[in-house]
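User: Hello! I am new to this structure and would like to understand the reasons behind its labels. Could you show it to me before we start?

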Amino acid sequence: MKKVIFTLLGLAIVAAGVMVYMLQHHEAKSYAKEIKPQVITHLQKEFHDVSSVTFTEEKLLSKKRVQISGYVNNNKALGFSVTTSYPAGDIESELVVDQALFDQLK
């Protein structure tokens, strides 16, 4: 009987942990979708000749940090990565661009 109780308790703890992770992951994805227009605006302001921005990945780094990666002008060599915290983030201090993007567009 004790084994059954401990097994059920363990399963409940694991299920609760998975639910918390999934909620955080969904929140991060929603935030990434919300911040993408700001990333595009920032890239177009910071670098001249940015005609298109393609996003390739959204990654949850920690409980409140999201990394968004992609490239500009349909050229995968011109990559960038934005790491931001949510709900309030600072794009400018967290923007990392590949050297090729910096050289070509700056």
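User: Among contacts in the protein chain between residues at least 6 apart in sequence, what percentage join residues at least 24 apart?

Analyst: The share is 40%, where a contact means heavy atoms within 4.5 Å. A word on the background: this is a predicted model, in which local features need pLDDT of at least 70 and side-chain atom pairs count only at pLDDT 80 or more, while totals for chains, interfaces and linings use all residues. Residues are numbered from 1 along each chain as its sequence is written, and side-chain values use heavy atoms, with hydrogens and water left out.

User: Thanks! What pattern does the protein chain follow along the sequence?

Analyst: The pattern is α-β-β-β-β-α, with two helices and four strands. Helices (H or I, at least four residues) and strands (E, at least two) are DSSP runs, numbered from the N terminus.

User: Why is F80 called buried, and what is F55 called?

Analyst: Buried means under 20% relative accessible area, exposed over 50%, and partly exposed in between (1.4 Å probe, protein chains only). F80 has a relative accessible area of 4%, so F80 is buried. F55 is at 22%, so F55 counts as partly exposed. Over the protein chain, buried residues make up 28% of the 106 residues.

User: How do you know that F55 and F80 form an edge-to-face pair?

Analyst: Rings of Phe, Tyr and Trp (its six-membered ring) pair if their centres lie within 6.5 Å; planes under 30 degrees apart count as stacked, over 60 as edge-to-face and the rest as tilted. A search of the whole structure finds one aromatic pair. The ring centres of F55 and F80 are 5.9 Å apart and the planes are at 85°, so this pair is edge-to-face. F55 lies in strand 1 and F80 in strand 3, so the pair ties together parts that are 25 residues apart in sequence.

User: What makes K36 and E58 a salt bridge?

Analyst: A salt bridge is a side-chain nitrogen of Lys or Arg within 4 Å of a carboxyl oxygen of Asp or Glu. The closest N and O atoms of K36 and E58 are 2.4 Å apart, and the pair forms a salt bridge. K36 sits in helix 1 (residues 2-46) and E58 in strand 1 (residues 53-62), 22 residues apart. E58 is at 24% relative accessibility, so E58 counts as partly exposed.

User: Which residues touch the most other members of the largest nonpolar core?

Analyst: They are V39, L43, V53, V66, V72 and F80, out of 16 residues in this core. Helix 1, strand 2 (65-72) and strand 3 (75-85) each supply at least two residues of the core, and the largest share, six residues, comes from helix 1. A nonpolar core is a set of buried Ala, Val, Leu, Ile, Met, Phe, Trp, Tyr and Cys residues joined through side-chain atoms within 4.5 Å.

User: Why is N74 called exposed, and what is N73 called?

Analyst: N74 is at 63% relative accessibility, so N74 counts as exposed. N73 has a relative accessible area of 21%, so N73 is partly exposed. N73 lies in the loop between strand 2 and strand 3, and N74 is found in that loop too.

User: What is notable about phi in N73 and N74?

Analyst: Most residues other than glycine have a negative phi. N73 has a positive phi of about 55° although N73 is not a glycine, and phi of N74 is near 55°, also a positive value in a residue other than glycine.
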